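Here is a small set of exercises to work through with the structure open beside you. Try each task yourself, then read the solution step by step.

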Amino acid sequence: MAVHSMTLPATILRDAARATLAPTKRLADRVASSLDQDLPIIERCLKGDEAAWEHLIKSYTRHVYALCYRFTGSGSEAQDLTQEVFLRVFSTLRSFRAGQGTFAVWLTRLARNLLIDHYRRSKLQRLSDPLEEQLPKLEDQAHAASRTDHLLAGREASEVLQTALAKLSPELRETAILRDLQGLEYREIAAVLKVPEGTVKSRLNRGRAELARTLRRYGVLP
Amino acid sequence: MKCAELEGLICDYVEATLSAVERQLVEAHLQSCEACRALVRDARAALAFTRKAPPVEPPPELLTRLLFLVPSHCDPGAAQASGARARVAAWFRPILQPRFAMGMAMTILSVSIVARVAGITPRQLTPTDLHPARVWQAVDDKVHRVCERVRKFYLSLRLVYEIQTQLHEWSQQLREQDAAAAARDSDAPVLPSRGPESNGFPLSQDQAEPKAKGGTKQ
């Protein structure tokens, strides 16, 4: 064990230097195939296989980070939360039961619970900051990006979308992110949020409508 | 069909994943319901805008950080160990962490330094040496010895010696000056040290006379 602990960081750092993230793949695709794809990896992880851990991290970093970033709207917070999610995975992977859903859903639920915890923790801080100080900055950002022809480049669209998402309630925001940005199926979202599929669809309709109204206010939708 | 019943289908209608029959059902309702038409219009617009946004890319350093976290949480022996061995390993796992090893080493070092200062040598240690009074006596004795050594060392420093010598000389000079001044003050009325003219006043008749008389005798 001591030898393993001494040699592992150097190996990982060397590999990480040339590491590239796994090719982009929709989370829904991973969810659909994760029963076949992730279970052997998880078994290897539980046996302490370093390469399996690396594979798991590389496969899911993009998804977890995107979820955290879209929910919080902050790169640094998203990084910290992603790290927190994986720390939780390292310590609780044994509690994952293959029969109770796919690993992707389990991981997404874990990330979502941490995000909600973070939202509640930071709620007091947000309340203590005067709203007048926050809103002008966000809305100026959005209005600066607005165009008369309602056409935005990808990066600008992403920033405006982020500002508009921040206006949604946590329930509507997480549903919209999981479906429209992460690409999960309704049943998977229902499993992550532990609500019926009908509730997921209802929240999604309301979330999309509210998002459209906000984007229209920013002048990026006709 | 009521709006609430249609709500579940609107999501799929917006995403164009409905069957032909369901689509006709929804479209029939939309022709007569302005609220649902607005909902579909907004949902479509939001979905189209959301799909324009590029995927979020994590910074490369995040992956490095995550990979670096693996060793402290990945225990290759845990899965293989079983039964009593696993339980024993689980007990000792926190202790075998590098941070605890370092803490333990620092504790042993600190205790050994204190023991050395207190004059306690483990080889000669007997149960009576652990009595509080004995320990206190040993510590007190050692502290006094150390203080004395420090004092001697300080006094033997060249700089301290030179300062002391200089101070001694200065005090000696002051004492001599004081003694000389005292002697002057006591002798001045009887034996003036200087001539009678030195004070700037001419000698009186009585003062000049003995000199003249002495001079006649000789």
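**Exercise 1. Find out how far apart in sequence the contacting residues of each chain are, and how much of each chain is buried.**

Step 1: Start with chain A. Residues 24 or more positions apart account for 69% of its contacts with a separation of 6 or more. Two residues are in contact if their C-beta atoms, placed from the backbone, lie within 7 Å.

Step 2: Do the same for chain B. Among its contacts between residues at least 6 apart, 38% join residues at least 24 apart.

Step 3: Now look at burial. A residue is buried if 20 or more other C-beta atoms lie within 10 Å of its own, exposed if 12 or fewer, and partly exposed in between, with C-beta atoms placed from the backbone. Buried residues make up 39% of the 222 residues in chain A. In chain B, 10% of the 218 residues are buried.

A word on what you're looking at: this is a predicted model, where local features need pLDDT of at least 70, side-chain atom pairs count only at pLDDT 80 or more, and totals for chains, interfaces and linings use all residues. Residues are numbered from 1 along each chain as its sequence is written, while chains are lettered from A and ligands numbered from 1 in the order in which they are written.

**Exercise 2. List the secondary structure of both chains.**

Step 1: Get the rule straight. Helices (H or I, at least four residues) and strands (E, at least two) are DSSP runs, numbered from the N terminus.

Step 2: Count. Chain A comes to ten helices and zero strands, and chain B has ten helices and zero strands too.

Step 3: Write out the order. For chain A, going from the N terminus, that's α-α-α-α-α-α-α-α-α-α.

**Exercise 3. Decide where A:Ile57 sits and what it touches.**

Step 1: Locate A:Ile57 in helix α3 (residues 50–72) of chain A.

Step 2: Is A:Ile57 buried or exposed? It has 26 other C-beta atoms within 10 Å, so A:Ile57 is buried.

Step 3: Look for partners. Leaving out residues up to four places away in sequence, A:Ile57 touches A:Phe86, B:Leu66 and B:Leu67. A:Phe86 is 29 residues away from A:Ile57 in sequence, with 7.8 Å between their C-alpha atoms.

**Exercise 4. Describe helix α10 of chain A and how α8 and α9 pack on it.**

Step 1: Check the span. α10(A) covers residues 197–217, and its 21 residues reach 30 Å from first C-alpha to last, close to the 30 Å expected at 1.5 Å a residue. The expected span is 1.5 Å times one less than the number of residues.

Step 2: Take α8 (residues 170–181) of chain A. It packs against α10(A) at about 95°, with the axes 8 Å apart. Axes are lines fitted to C-alpha atoms, for helices over the stretch in contact, and angles run from 0 to 180 degrees between N-to-C directions.

Step 3: Name the angle. Under 35 degrees counts as roughly parallel, over 145 as roughly antiparallel, 65 to 115 as roughly perpendicular and the rest as oblique. So α8(A) and α10(A) are roughly perpendicular to each other.

Step 4: Sort the residues by class. The contact of α8(A) with α10(A) has five nonpolar, two polar and seven charged residues. Ala, Val, Leu, Ile, Met, Phe, Trp, Tyr, Cys and Pro count as nonpolar, Asp, Glu, Lys and Arg as charged, and the others, Gly among them, as polar.

Step 5: Turn to α9(A). Its axis comes within 8 Å of that of α10(A), crossing at roughly 100°, so this pair is roughly perpendicular as well. A:Tyr186, A:Arg187, A:Ile189, A:Ala190 and A:Leu193 in α9(A) meet A:Glu197, A:Val200 and A:Lys201 in α10(A).

**Exercise 5. Look into the positive phi of A:Lys194.**

Step 1: Recall the usual case. Most residues other than glycine have a negative phi.

Step 2: Compare. Phi of A:Lys194 is near 60°, a positive value in a residue other than glycine.

Step 3: Place A:Lys194 in the loop between α9 (186–193) and α10 of chain A. With 9 C-beta neighbours inside 10 Å, A:Lys194 counts as exposed.

**Exercise 6. Judge the confidence in chain B.**

Step 1: pLDDT is the predictor's confidence in each residue, from 0 to 100. Chain B has a mean of 78, and 75% of its residues reach 70 or more.

Step 2: Confidence in chain B is lowest in α10 (residues 205–217), at a mean of 45, and highest in α9 (residues 158–187), at 91.
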